[in-house]
Amino acid sequence: MAVHSKHPASAPPTPPVREKTGHLLLRGWCIFVLFLSLSGVAWVHTFGTPVAAAITIGAGVLSVVLWIILRPPVQWRRLPWFAVAYVAWATLSILWSEWPGTTAITLLLLYLTTIQALFVGTVLTWRELVRAVASALKWVMALSLLFELAVSVFVQAPILPGFVVEKADDPIEYWSRNNLFDWPERLQGIMGNANLLGPVALLAIVVFGIRIAAGAPRRALLYAWIVLSAFLFVRASSATAYLAAAAVAVVLATVLLMRRARRPGERTKYYIAYAVVGVGGLLGLWLLRDTIFSALGRSSDLTGREAIWEAVLGRTAERPWVGWGFATPWAPWDPAFDRWVVDHGQTVLQAHNMWIDVSMQLGIIGVVLMATVYFAFVWRSWFFAVDRPRWDLKADRPYSSLTLLPTLVGAILLVQGLAESTPLLLWGWLFVVMLGAKIKQSPHVGVGPAEQSAAIERGERSPAVDEPYPVIERAGRDESPSKRAT
């Protein structure tokens, strides 16, 4: 019979803490919610607008029910109030909206996305959140490749939404153009739009890289996912996504340099260099836009976007302060938008610039509110990434790679917002609200209300909810439970 002493060298290892089935199911539901937002209009292309709307509304209702049942601790004073103010102003716009039906419908989508963002950020810890985002992105990347592969192998012809195989009046109407084996033709993935696939593929590369840096298990598979995401990123051939990738590289390099600073004032030179690179990059992009966009296979007016901007700004000038009413996205069946702006024979559903879009819908007041939303998000996420975690006198805690996610997401969305309006809805708005709220609720990885809930779910001792910054230290690898101290 084996005899064990209490000496650490011979004591049996402590089994890992097991999560309850309910928490595993909750995390699975959050993955589905994230996939629902990241996959975008894929649900409309697959099932049609009524079914996609029913799925979206049903998912939002279920999340609200789960939130009421679980009652996770929330610091209500630390909600993203700028985002709430923007939602409130959008709601008020129904009073003077020129398209009240469209405003009501799109407001429902805004409410559901905001609620889902707060729900996911509240019930998951930072590690669980990054892991859930990675899982959702795996589904999007895998299904995009499998979808394009199935079209090229079995259908061998372009297809329209609803899996309809017939010739379209313009290639822009196709869900898939059957381009998988026609290099370097663009791929559109399950979204049916290369300009939507490119930024999501870039986000996948970022998230998988963060997971590897955090010491996640099965890193060989994560490298494989990065290769797949990079393939889809290149094949999407989105000029906006390429510029976003450059912005991500600059921001990441600057954050890593900031983390190396050891003396007060040492970061000043990095800030100056960062500003010079940023301003110089924007100036160079503007002066050399013909050469750059020609190299990327695009026209200098961003494939006709300047004509769209002129039309939208013309309408904005008629109501500069309060706008015409919230409509994100534009409803193609509304007479106010039907054939108003046409591109390749199709009614345009957005202004292809988030700031111009907001100015037309909600006026200068709306632009100011949206600017404060992004300023607050970028400000908090920047210092969340460059400052060491500290809530007591200990000033040498190691940095966490997980803290890079918000600031890199901000870089992607701000660049994407210059040529697309997608940061105003779906995964763009969800990530801004979710990560912004998460930073305010849990300003340190391993510390916050969601971490308390997870500890309670596992049957562990948890700090009191009313402590301002309770400590639940987790050391070691990303996925390996270890000793926790309060």
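E128 is a good place to start: at 6% relative accessibility it counts as buried, since buried means under 20%. The model is a predicted one, and its chain holds 16 helices and two strands. Of the 486 residues in the chain, 49% are buried. Here is a tour by topic.

**Around E128**
- E128 sits in helix α6, which covers residues 126-155.
- The side chain of E128 makes a polar contact of 2.7 Å with the side chain of H23.

**Nonpolar cores**
- The largest nonpolar core contains 109 residues, and F431 and M434 have the most contacts inside it.
- Helix α7 (residues 194-213) supplies the largest share of this core, with 13 residues.
- Once neighbours within four places in sequence are set aside, F431 touches L34, L38, V133, L203, F377, V409 and G436.
- A second core, separate from the largest one, has 13 residues, among them W99, W309, V348 and I356.

**Helices α7 and α14**
- Two packed helices are described by the angle between their axes and the distance between the axes.
- For α7 and helix α14 (residues 404-416), the angle is about 165° and the axes are 11 Å apart.
- That angle makes α7 roughly antiparallel to α14, because angles over 145 degrees fall in that class.
- The crossing of α7 past α14 is right-handed.
- On the α7 side, the residues that meet α14 are N195, P199, L202, L203, V206, V207 and I210.
- Their partners in α14 are L404, L405, L408, V409, I412 and Q416.
- L203 of α7 and V409 of α14 take part in this meeting, and both L203 and V409 are also in contact with F431.

**Helices α3 and α5**
- The axes of helix α3 (residues 49-70) and helix α5 (residues 100-123) come within 10 Å and cross at roughly 40°.
- α3 and α5 are therefore oblique to each other, as 40° is neither under 35 degrees nor in the 65 to 115 range.
- α3 and α5 cross in a left-handed sense.
- From α3, the contact involves T56, I57, A59, G60, S63, V64, L66 and W67.
- From α5, the contact involves L108, L109, L112, I115, Q116, L118, F119 and T122.

**Contacts along the chain**
- Among contacts between residues at least 6 apart in sequence, 71% link residues at least 24 apart.

How values were computed: Residues numbered from 1 in each chain as written. Predicted model: local features only at pLDDT ≥ 70, side-chain atom pairs only at ≥ 80, totals over all residues. Heavy atoms only, no water. Core = buried A, V, L, I, M, F, W, Y, C linked by side-chain atoms within 4.5 Å. Buried < 20%, exposed > 50% of the residue type's maximum accessible area, 1.4 Å probe, protein only. Helix = DSSP H or I, 4+ residues; strand = E, 2+ residues; numbered from the N terminus. Contact = heavy atoms within 4.5 Å. Polar contact = N/O pair within 3.5 Å; in protein donor to acceptor, adjacent residues only side chain to side chain. Axes fitted to C-alpha atoms, helices over the stretch in contact; angles between N-to-C directions. Left-handed = near helix turned anticlockwise from the far one by under 90°.
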